[in-house]
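Reader: I am new to this structure and would like a close look at one part of it. Please take the charged side-chain pairs and whatever lies next to them.

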Amino acid sequence: MNYWLVKSEPEAYSWDTFVRDGGTDWTGVRNYQARNFLQQMQPGDLVLYYHSVSDKQVVGVAQVATPAAPDATAEAGSPWVAVHLQPQQPLAQPVSLVRIKQDERLSQIGLLRQSRLSVMPLKAAEFDTILELGA
DNA sequence: GCCAACGTTGGC
DNA sequence: GCCAACGTTGGC
């Protein structure tokens, strides 16, 4: 089991919309590093859902439902892939970027070290810490 | 609105 | 292969 974090601008596709949809194909990733992480995802992996830009907090947990497959929104033959994500549960208390920065246990998290990356792996301990902060 | 970080493109 | 120019993301 692996752990991940994905970002979405709430104005573009919010957690609430994701829940209302009951899941979504995580399409539109156009960065090779992020694509490589998508390709490593496996069904059952857990994914933190982070609202970037206007909200700047982790708001929920999603689950990977399918292995990576060609991104239907990209040109045929392109290297881009998508996975299907389903909502698992919202965090009782969203965990803000400020809160994450304050916690020593999260000092090495990809969210802080590489702020522009939109799909990134998390260590199990980092995932657990954020769940704990969000409980 | 600004700026840092980073990726991509294209000229040489 | 290098680097300047430019575009995008995302925090502040």
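Author: The model is predicted. With a salt bridge taken as a side-chain nitrogen of Lys or Arg within 4 Å of a carboxyl oxygen of Asp or Glu, the count comes to four.

One of them joins Arg30 and Asp71, whose closest N and O atoms are 2.9 Å apart. Arg30 sits in the loop between strand E2 (24–25) and helix H2 (32–40), while Asp71 sits in the loop between strand E5 (69–70) and strand E6 (81–82), so this pair ties together parts that are 41 residues apart in sequence. The two partners can also be described by their accessibility. Arg30 is partly exposed, its relative accessible area being 39%. Asp71, with a relative accessible area of 3%, is buried.

Another salt bridge runs between Asp103 and Arg105, and here the closest N and O atoms are 2.9 Å apart. Asp103 counts as buried at 9% relative accessibility, whereas Arg105 is partly exposed at 45%. Through salt bridges that share partners, Asp103, Arg105 and Glu132 are joined into one network.

Glu126 and Lys123 also meet through their side chains in a salt bridge, with 3.8 Å from N to O. Because buried means under 20% relative accessible area, Glu126 falls in that class with its value of 5%.

Back to helix H2, which follows the loop that holds Arg30. Asn31 caps the N-terminal end of H2: one of its side-chain oxygens lies 3.0 Å from the backbone nitrogen of Gln33. Within H2, the buried residues include Ala34, Arg35, Phe37 and Leu38. These residues cover an arc of only 160° around the axis, so they are on the same side of H2. Strand E1 (3–8), E6 and strand E8 (119–122) are among the elements that cover the buried residues of H2. E6 is also one of the two strands that flank the loop of Asp71.

Asn31 has a further place in the picture, as DNA strand B is surrounded by Asn31, Tyr32 and Arg116. From Arg116, a polar side-chain atom lies 2.3 Å from a base oxygen of that strand. Of the atoms of DNA strand B within 4 Å of the protein, 50% belong to sugar or phosphate, and the rest belong to bases.

Terms used. Residues numbered from 1 in each chain as written. Chains lettered and ligands numbered in written order. Predicted model: local features only at pLDDT ≥ 70, side-chain atom pairs only at ≥ 80, totals over all residues. Heavy atoms only, no water. Helix = DSSP H or I, 4+ residues; strand = E, 2+ residues; numbered from the N terminus. Buried < 20%, exposed > 50% of the residue type's maximum accessible area, 1.4 Å probe, protein only. Near = heavy atom within 4 Å. Polar contact = N/O pair within 3.5 Å; in protein donor to acceptor, adjacent residues only side chain to side chain. Arc of directions from axis to C-beta. Contact = heavy atoms within 4.5 Å.
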